[in-house]
Each structure stands twice: as structure tokens, then as C-alpha cells.
Amino acid sequence: MLKRLLMETDFEQLKGILKTLEKIEVLQFPELEDRIKRLDVELNSAGFDRWGLHPETLKKFAPFIYFLYKKYFRVEAAGLAGIPQGRVLFIGNHGGQIPLDAMMAGLALFMEAEPPRIPRAMVERWVPTVPFVSSLFTRIGAMIGDPENCRELLQHDQSVLVFPEGVRGSGKLFKDRYQLQRFGTGFMRLALESRAPIVPVAIIGTEETYPSVFDFKLLAKVLGAPYFPVTPFFPLLGPLGLLPLPSKITVRFGKPLYFEGNEDDPEDQIREKVQIVKDSLQAEIDQGLEIRGEKVFTKAAR
Amino acid sequence: MKVLITGASGAISRLVASAISPKAEVIGVDPRAAPSSSHFPGEFIVADYHSRKLDDVFRKHRFDAVLHLGRIRESQKYSPQYRFQMNVIGTQKLLDLCLSGGVKNLIVLSTYHVYGAHRLNSLHLNEEAPLRASQSFPELADAVELDHSATNFMWKHRDVRTTILRPVNIIGKHVRNTICSLLRSGVCPKIVGFDPLMQFIDEKDLARALILALDQSKPGVFNVGGEGVIAYSHAIRHAQAVTIPIPPMISAGLVRLLTDISKINFPPYLMDYFKYPTIVNDDAFRAVFGYQPKVKTLQSLRNLGPLSERQIESPSIDESV
């Protein structure tokens, strides 16, 4: 009895809930299994790849994320055919407080690109300190946004998803939606070093999921988080306020950009190249917003 | 060839010594007595590394190579002062003796612990990564210091070809280190919500790595890994142990107190290693020495079993597991 109690912790406990949920009909996606099988990953005897990706965990959690993708946010992906094979640096716009944007872009590549690929998302440096999230993210292909991680992934022909705005982008208020914040320049040096093409990814719709009206900085500091969003529903409605609004999400992959240059070039030259990426991403966002029009929650964007 | 091996009453020394002993003459030294008279396949000398007895060993023998595998690891059992004496002063003395004794090839076994478990660590730490271990836990200061003195020695005295190896968690049927005792004990504390990736190297793979370093004699600092990464919870499961949840906000002091009371083999000073992944990149060692681990991580975890007090039945490193 005691032994069983001890076993039922953490993931063990979650597994029970997962088993019950697995039987729910809306969470049945037979195509997921085939996609996971076709992933080009090298696994060791314990079922992990070099960077801690664990397809078995992915198999358990993917139905939930895919449910959000397919049914809740009704994601539409555009421009998947133009993505080059091999190493790619995906540069996205960050918004919407929690990394829904990374998950939706990742799932578009996993479920709709040929062959299926798992982009490795570079996450905030405080994520490793967040219980549960830290280990789950590692299992499904994310890791901290350290230049060394990105370099190694690109050298091994992996695709990497970077949000150069970082918390400046994800934590911004609703009034600033779809306005790109200051870009870091590290990604450009890494792209030049590994000769990786850059693909801008415009993610439209995540900004409306958690419309943050106020950043409670003091509370964020106490919690050790980079920001603490206050939306019209959170924390006012308690846990219910955590539910993202069901806005329609579009993921638009732009044309790949190839850059010539040296990773040791002076900062102003790098900044010029970064500006090209930023402009092309903003253009992709604007185009997507124009197609979407006013009807944020209903209209299909194409 | 005459080879001195420190830490001779340990499992790794025995594996290495048995593998090279017909060809090379091996002399073993350890502050602890040998577990049995047939443990070490050569002359066995009981001596503290910082004692004068070690000078006599070098007076009597002229070594071609020295394998420094002896480091006091169980930080709970020994006082920090004693560990400093043995690990730091002892190593410095050994290095001086290698220099004056004309040793051509020196191999020092350090540990991946020197990098420290830190949330800012990149997923794969290469050999240039900063050594953060002593920042939060002074118990690891002697390990970092040992690594530093060996690295300094390597750069200063190029005629002694020094190879420093930083292996990941060493596990094996005959190994008596902290991680093995923890997994063998059957109850493994785990911080709730944290399930870091870990790496394990089998005793046999480590012995092979040491022999590669001995044969090829190429100076440098190298990480040595096993087959790959595995989550801590999976390692616990495959070692047939039970998880005990401990709250994430708990202080190291409280963990120390609880482990002392409950007699659970959990090292409080290694707490962060059970929270943040500390994964090393061993590509350099594989490329330079042609190293390829043979034992699968799952196999060595499953074979861990209870530590037999008997001596190693077959010390061969080529035996299939």
C-alpha cells in the first residue's frame, strides 16, 4: 500500500489521469502514432534522443496539444511546402503570455510538414526552475535558449525555433499586439556560423488568447517569473481565467532567407541582417492580419 | 611497462589492472586495505596519498604511467578536512612525484560533478564550460580543486602527457559510489516536479576508456559519457527502486537532517543534480580516442543489483553483460 502510494507521484499520478482521458473520443487521433513513428530521431536504449526528446512522452501528451491545435484554436498552417530540409532556423513572433505559439508552430511542423519534424524550441532561462514544466518541455523537444544548444542542434541538422524577442515579446500587453519588440542578434550569428537558412514564422491569433492588460511586476519578482499577466479574466475568475480564449490561430511560414557573412562581423552589420528578418516577419504578420480581418474568433484566414 | 594505479581497492582500478596486468606490471596504492588478497593483480600498498609512504613507492619503482583513480567521494562519511588532505594535497603530491619520477603518461580521473548543476547550464556541457560545482555546495570544492590542479599540471609540464577524464555517473555491479548506493538502496528521493536528464557510464566502459587513454597517451581534458541520456525517474524504475517525493522548496539542510534520520542514502550536496540536468558532451573523447561505449544504459541499471561483498568473479572488461 505504502509502496503504491510512493509510486504514485509526479508523472505516475498524471499517467492515471492520462489513461482515463485517452479513452475520450475527441482525443483520438490515429494519425499521431504514424507521425511519431516517422520522426527522424536517433534514440538510445532508454528511448531518449541526444537532447532528451522522448517520443513515448510525446505520444501521451500530443493528443491534448493536437486537440487544442485542431479543435480549439482551429489552426491553419500556410507555406509549409517552401521549408528547406535539414538545418533550419525558424524565427517567430512571440505573444500571448504562455508558449502556445511555440506549441502551435511546432505542431504544424510535426503534423502537417513532410516529413514530420520536431523543431527544437529555445525557451526562457527561467523555465528550468518551474516544476513539471521543466521536465515535460525537455521530453517534447524544448531546451533553454543557450547559444551553445542552438549551435549544436544546427550542426546536427536539426531545426530550431527561436523567438528573438524573448520575454519582451511574450509578456507584452494586449495594446502592443503584433508589434515586434527589440530582436536579439545572437540567432543571426548562429545562422551565419552554421550556414542555416532562416524561415520567418508569423503566428497570428495567440495574442488574443490571453489579452494582458497589466503586467504585475512586483508579483512576478516574488514568484521569480519574468512577468505576471493580468487579463480581464485572470486572476479575477481564478483557475477558470487560465483558460485561453478560443481565437483562431494561423501559422504562416515565410520564404527561407539565406545570408552571407561571418559570425564575427561587427554588431551593426549583424543588426542590418537581423532587420531584414524582422521586416520580412512583420510583413508576413501584417499580411496574415489583413487576411484575418476583424473577426478574430471565427473567420477562417487563408 | 610499469603502471601505478591509485584507488586500488576500488572496482574500476581492479578492472583496469586485470585487463592490462599480463602485459604491464601494475602496482596498486590505496589508503583503504584491499577487500581481499586476490583483489588486485599486482603489488598492493596501503598508503595515504599525502603521506611519506608514497615517496617510498616512487623511490622503489620507476613508473612509465600513473592512473590516478583514487578520490574520496563519499562526502558524508569523511570530514571536508580529510577529503581536502587526501584529494587535493594528496593529488598535488602525486603530481610532483610524477614529475620528479619521470612518469611519461598520467591519467587523472575527475568527475562531471565539477561543472555543477545549474539552471543556466547548456544542455550539453563541453570541456570549456565553467566549473560551477563549488558555488552552492562546498562539499564539492575538493573535486573542483583536484580537477584544477591536474589541469594546471597538464599545461605547465608538457613532458608528462596528462589526460584528465571527467566521467558521468559511474554505475556497475562492483561500484560503491554515491549514485550506486542510492539506486541500490531501493528508495530514491525525487524532488517533486523535477525529473532531470542524467547520464550513466558502466564500470566496464569506463575501464575501457581508461585503457584507451593509457594506450594512446594524448594530453587534454575530456568528458566521458555512456550510451546516452535518461530521465532520473526512468533510471529509478529500471533499477527497480521506489520513488520518495520530496517537496521542491526544501532546503539542503532539511534534506541532510531527514536523510540522517531515515538513513536514506541521498547526498544533500548533490541535490541540485537531481533538479537541473548536468549533461556532458563527450564527442571530443569519442573522436580523439575512438571511444564507443558498449554497455547499454538500461542494461547496467538493471544489472546493478545488490553489491556482493565477494570479490569480482570475472574481472574481464570484454565479458558480455
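In the predicted model, helix α3 (residues 80–100) of chain B packs against α5(B) at an angle of about 10°, the two axes lying 9 Å apart. Helix α3(B) is therefore roughly parallel to α5(B), since angles under 35 degrees fall in that class. On the α3(B) side the contact involves R83(B), F84(B), N87(B), V88(B), T91(B), Q92(B) and L95(B), which meet D142(B), E145(B), L146(B), S149(B), A150(B) and F153(B) of α5(B). By class, six residues of this contact between α3(B) and α5(B) are nonpolar, four are polar and three are charged.

A second helix pair in chain B is formed by α1 (residues 11–20) and α7 (residues 203–216), which pack at an angle of about 55° with their axes 9 Å apart. This angle makes α1(B) oblique to α7(B). The crossing of α1(B) and α7(B) is right-handed. Helix α1(B) contributes A11(B), I12(B), L15(B), V16(B), A19(B) and I20(B), and these meet E203(B), K204(B), L206(B), A207(B), L210(B) and I211(B) of α7(B). The contact of α1(B) with α7(B) comprises ten nonpolar and two charged residues, with no polar residue.

Chain B also contains an open sheet of seven strands, ordered β3-β2-β1-β4-β5-β6-β10, in which the pairing is parallel. The edges are occupied by β3 (43–46) and β10 (220–224) of chain B; each has a single partner strand, so one side of each is left without a neighbour in the sheet. From one strand to the next, the twist averages 15°. Within this sheet, strand β5 (residues 105–109) of chain B runs parallel to strand β6 (residues 161–167) of chain B, and five bridges join the two. In this pair, L106(B) has T162(B) of β6(B) as its bridge partner. Helix α5 (residues 141–156) of chain B packs on the sheet, where it touches β5, β6 and β10 of chain B, and its direction makes about 150° with that of β6(B). Helix α5(B) thus takes part both in the contact with the sheet and in the packing with α3(B).

Overall, chain B has eleven helices and twelve strands. Its radius of gyration is 19 Å, which agrees with the value near 20 Å that a compact globule of 321 residues would have. The C-alpha atoms of chain B occupy a box of roughly 55 × 40 × 40 Å along the principal axes.

The secondary structure of chain A consists of eleven helices and nine strands. For its 302 residues the globule rule gives 19 Å, and the radius of gyration of chain A is close to this at 19 Å, so chain A is as compact as a globular protein of that length. Along the principal axes, the C-alpha atoms of chain A fill a box of roughly 65 × 50 × 40 Å.

Chain A has an open sheet of seven strands in the order β1-β9-β6-β2-β5-β3-β4, with mixed pairing. Its edge strands, β1 (76–78) and β4 (143–144) of chain A, each pair on one side only. Strand β6 (residues 198–204) of chain A pairs with strand β9 (residues 250–253) of chain A in the antiparallel sense, over four bridges. Here I203(A) stands opposite V251(A) of β9(A). Helix α11 (residues 267–292) of chain A lies across β2 (88–92), β6 and β9 of chain A and runs at about 35° to β6(A).

Several backbone features of chain A were also identified. Most residues other than glycine have a negative phi, and most peptide bonds are trans. The peptide bond from E114(A) to P115(A) is cis, with omega near -10°, and P115(A) lies in the loop between α5 (100–112) and β3 (120–123) of chain A. A cis peptide bond is likewise found from F234(A) to P235(A), with omega near 5°; P235(A) is placed in the loop between β8 (229–230) and β9 of chain A. F132(A), a residue other than glycine, has a positive phi near 65° and is found in the loop between β3 and α6 of chain A.

The contact between the chains takes 26 residues from chain A and 26 residues from chain B. On the side of chain A that touches chain B, the elements giving two or more residues are α1 (2–7), α6 (133–139) and α7 (147–155) of chain A. This side of chain A is made up of ten nonpolar, nine polar and seven charged residues.

How values were computed: Residues numbered from 1 in each chain as written. Chains lettered and ligands numbered in written order. Predicted model: local features only at pLDDT ≥ 70, side-chain atom pairs only at ≥ 80, totals over all residues. Axes fitted to C-alpha atoms, helices over the stretch in contact; angles between N-to-C directions. Parallel < 35°, antiparallel > 145°, perpendicular 65-115°, else oblique. Left-handed = near helix turned anticlockwise from the far one by under 90°. Contact = placed C-beta atoms within 7 Å. Nonpolar A, V, L, I, M, F, W, Y, C, P; charged D, E, K, R; others polar. Pairing = 2+ DSSP bridges. Rg over C-alpha atoms; globule rule 2.2 N^0.38 Å.
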